[in-house]
Amino acid sequence: MPLVKNVTHIYEPTPLQCGQAVLAMLTGKSVAEIVRLVGTERETTLKQMLDALTHCGVNFKKERKEVQKKEDLPDICVLSLETPHCWHWSLYFKGTFFDPEYGVLEDFPPSNRRYYWEIEEI
């Protein structure tokens, strides 16, 4: 499966490319490759994110789950976060948050509501 074994953090190239950066970190592809795949340099929709994961052969659970505490997250997941300014994509990978805007974090980036889609390792 083309899921990376270890994540290399990528900052979003523009303030609208958090989704593309998350997909790039998760798959090991470049942000430019992901932009071509999702078909936009701007915000990514849930459908674009899930279609890209499917296209890249990354297995995930289609159920969106709400989460409050880090301890309740699965080993790997894509996060959708309601931040003070907008909805934002982030990545949680084996105990660490890899956020395209805030960097590598020990806990959630600033957010009010938090949802995730679990990525399955095979």
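Begin by selecting Arg-114 and Phe-108, where Arg-114 lies over the face of Phe-108 at 4.1 Å from the ring centre; a charge counts as sitting over a ring if NZ of Lys or CZ of Arg is within 6 Å of the ring centre and within 35 degrees of the ring normal. The model on your screen is predicted, so local features need pLDDT of at least 70 and side-chain atom pairs count only at pLDDT 80 or more, while totals for chains, interfaces and linings use all residues. Residues are numbered from 1 along each chain as its sequence is written, and side-chain values use heavy atoms, with hydrogens and water left out.

Keep Phe-108 selected and add Tyr-92 and Phe-97, because ring pairs link these three residues into a cluster; rings of Phe, Tyr and Trp (its six-membered ring) pair if their centres lie within 6.5 Å, with planes under 30 degrees apart called stacked, over 60 edge-to-face and the rest tilted.Four aromatic pairs are counted by this rule. One of them joins Trp-89 and Trp-117, a tilted pair with 5.9 Å from centre to centre and 50 degrees between the planes. This pair links distant parts of the chain, since Trp-89 belongs to strand β3 (residues 87-93) and Trp-117 to strand β6 (residues 114-118), 28 residues apart; strands (E, at least two residues) and helices (H or I, at least four) are DSSP runs numbered from the N terminus.

Now show the residues that line the largest cavity, namely Leu-46, Met-49, Leu-50, Leu-53, Val-78, Trp-89 and Trp-117. A cavity is a set of points on a 1 Å grid over the protein atoms alone where a 1.4 Å probe fits but cannot get out, and lining residues have an atom within 4 Å of a point. Helix α3 (residues 46-55) gives the largest share of this lining, four residues.

Definitions and conventions:
1 Å grid on protein atoms, 1.4 Å probe; cavity = no way out; pocket = protein on both sides within 12 Å on 5 of 7 lines; lining within 4 Å.
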